[in-house]
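Hi,

Here is the structure I said I'd pass on to you. Have it open while you read, and follow along with the notes below.

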Amino acid sequence: MEAITRDFFLYLSKNSLLNKIAQNRGGSFAAGKLIGGVDFKSSVRFIRDLNNQGLSVTVDHLGEFVDSVEVANERTEECISTIEMISKEGLDSQVSLKMTSLGLDIDRDLVVKNMTRILDTAEKHKIMVTIDMEDVPRCQATIDLFKQFKEKYSCVSTVLQAYLYRTEKDLEDLGKYQPFLRMVKGAYKESPEHAFPEKTDVDENYKKLIEQSLLNGNYTAIASHDDQIIEYTKELAKKHNIPNDRFEFQMLYGMRNKTQLELAKQGYKMRVYVPYGMDWYGYFMRRLAERPANIAFAFKGIFKK
């Protein structure tokens, strides 16, 4: 049943008609519930509200698989502007982005040029930029780019996905970079050739990777709404005397709001992933596909606001 649910929402995420309808009519509905706003400026008040509740933030301008140099350059300018506004407004926020939004599918040199401009700005303002992981065909290119940027910049981090067989080796290879890593289960539809098909196997691998990352001394962000994973991380930290400033929890904006506040009150760093932009529909469908429980969390968040 879980596989059917996952496939259904992934199918919806790729429906161009529904995506167009959502862009034209759904921005005001989603703002403040599923996304911050249709642009960063309109998201600032929601980010500040989260900060005032003791929650940190990472923002993401929605949109990926860019196939135009002009759009890739526009996304770069938007990200630079966002970093500058975060600094100007004194927000407790980082930035997340995808390499395809900067032109990965067009030209590698274009991505390097655009990301270098972004990271120059991020270093100036001391704001972390996380390179989000994408699907399997783009996985190695994303890791290679992270390694290249990490040689020069301290304010860059990346994401590893627990449902991929390759991730344990990737984690080992990244060890020498002392990376800031976000650990997620994974949201793309991948074949059994590349990914664990069963949830129980994904969960076990997720736990193993969290332990490996923390014991290697990496600053680790555990991005999960799963109570089992959250409690496992807490117990692991206690067992190995890992201080709270060596890891954090991350959750999506509009989901499990009460749990987010509880974790912050318990003394854990709790970061909320706040997307913004017009392309919110595909993002939302993938989040529902990622974990069926997210469906209930999402609708609770929508109708409580």
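Let's begin with the overall picture. The protein has 13 helices and 8 strands. Keep in mind that this is a predicted model. The chain runs to 305 residues, and 57% of them count as buried. Among contacts with a separation of 6 or more, 73% are between residues 24 or more positions apart. About 13,800 Å² of the protein is exposed, with carbon and sulfur atoms supplying 51% of that.

Now find helix H5, residues 69-89. Its 21 residues should span 30 Å at 1.5 Å a residue, and the C-alpha atoms at its ends are indeed 30 Å apart. Which residues of H5 are buried? They are Ala72, Arg75, Thr76, Cys79, Ile80, Thr82, Ile83 and Ile86. If you look down the axis of H5, these buried residues fall within an arc of 155°, so they line one face of the helix. Here's the background for that pattern: an α-helix has 3.6 residues a turn, so residues three or four places apart point the same way. On the other side of H5, you'll see Glu70 and Lys88, which are exposed.

What covers the buried residues of H5? The cover includes helices H4 (40-52) and H6 (108-125), along with strands E1 (56-61), E2 (93-98), E3 (129-132) and E8 (270-276). Check both ends of H5 too. At its start, a side-chain oxygen of Ser68 comes to within 3.2 Å of the backbone nitrogen of Glu70. After H5 comes Gly90, with a positive phi near 65°.

Helix H4 is worth a look next. H4 has 13 residues, and from its first C-alpha to its last it reaches 18 Å, close to the 18 Å expected at 1.5 Å a residue. Its buried residues are Phe40, Ser43, Val44, Phe46, Ile47, Leu50 and Asn51. The cover over them includes H5, E1, E2 and E8. Just after H4, Gly54 has a positive phi of about 90°.

Next, the database annotation. An unreviewed UniProt entry places the feature "binding site" at Met133, Gln161, Lys185, Gly186, Ala187, Lys199, Ser224 and His225. I picked two of these to go through.

Gln161 sits in strand E4, residues 156-161. Is Gln161 buried or exposed? Buried counts as under 20% relative accessible area, and Gln161 has a relative accessibility of 4%, so Gln161 is buried. Not counting residues up to four places away in sequence, Gln161 touches Met133, Glu134, Thr167, Val184, Lys185, Gly186, Ala187 and Tyr188. A polar atom of the Gln161 side chain lies 3.2 Å from the backbone oxygen of Glu134.

Ser224 is in the loop between strand E6 (219-223) and helix H10 (227-239). Ser224 is buried as well, because its relative accessible area is 7%. Leaving out neighbours within four places in sequence, Ser224 is in contact with Tyr206, Ile229, Ile230, Gln250 and Met251. Its side chain also reaches the backbone nitrogen of Asp226 at 3.0 Å.

One last residue: Gln212, in helix H9 (residues 199-215). Gln212 counts as buried, because its relative accessibility is 15%. Apart from neighbours within four places in sequence, Gln212 is in contact with Glu168, Leu171 and Glu172.

Cheers

Terms used: Residues are numbered from 1 along each chain as its sequence is written. This is a predicted model: local features need pLDDT of at least 70, side-chain atom pairs count only at pLDDT 80 or more; totals for chains, interfaces and linings use all residues. Side-chain values use heavy atoms; hydrogens and water are left out. Helices (H or I, at least four residues) and strands (E, at least two) are DSSP runs, numbered from the N terminus. The expected span of a helix is 1.5 Å times one less than its number of residues. Buried means under 20% relative accessible area, exposed over 50%, partly exposed in between (1.4 Å probe, protein chains only). The arc is that of the directions from the helix axis to the C-beta atoms. Contact means heavy atoms within 4.5 Å. A polar contact is a pair of N or O atoms within 3.5 Å; within protein, one must be able to donate a hydrogen and the other to accept it, and residues adjacent in sequence count only if both atoms are side-chain atoms. Accessible areas come from the Shrake-Rupley method with a 1.4 Å probe; for residues, only the protein chains shown count as cover. UniProt positions are given in the numbering used here, feature names are shortened, and annotations may be inferred rather than shown by experiment.
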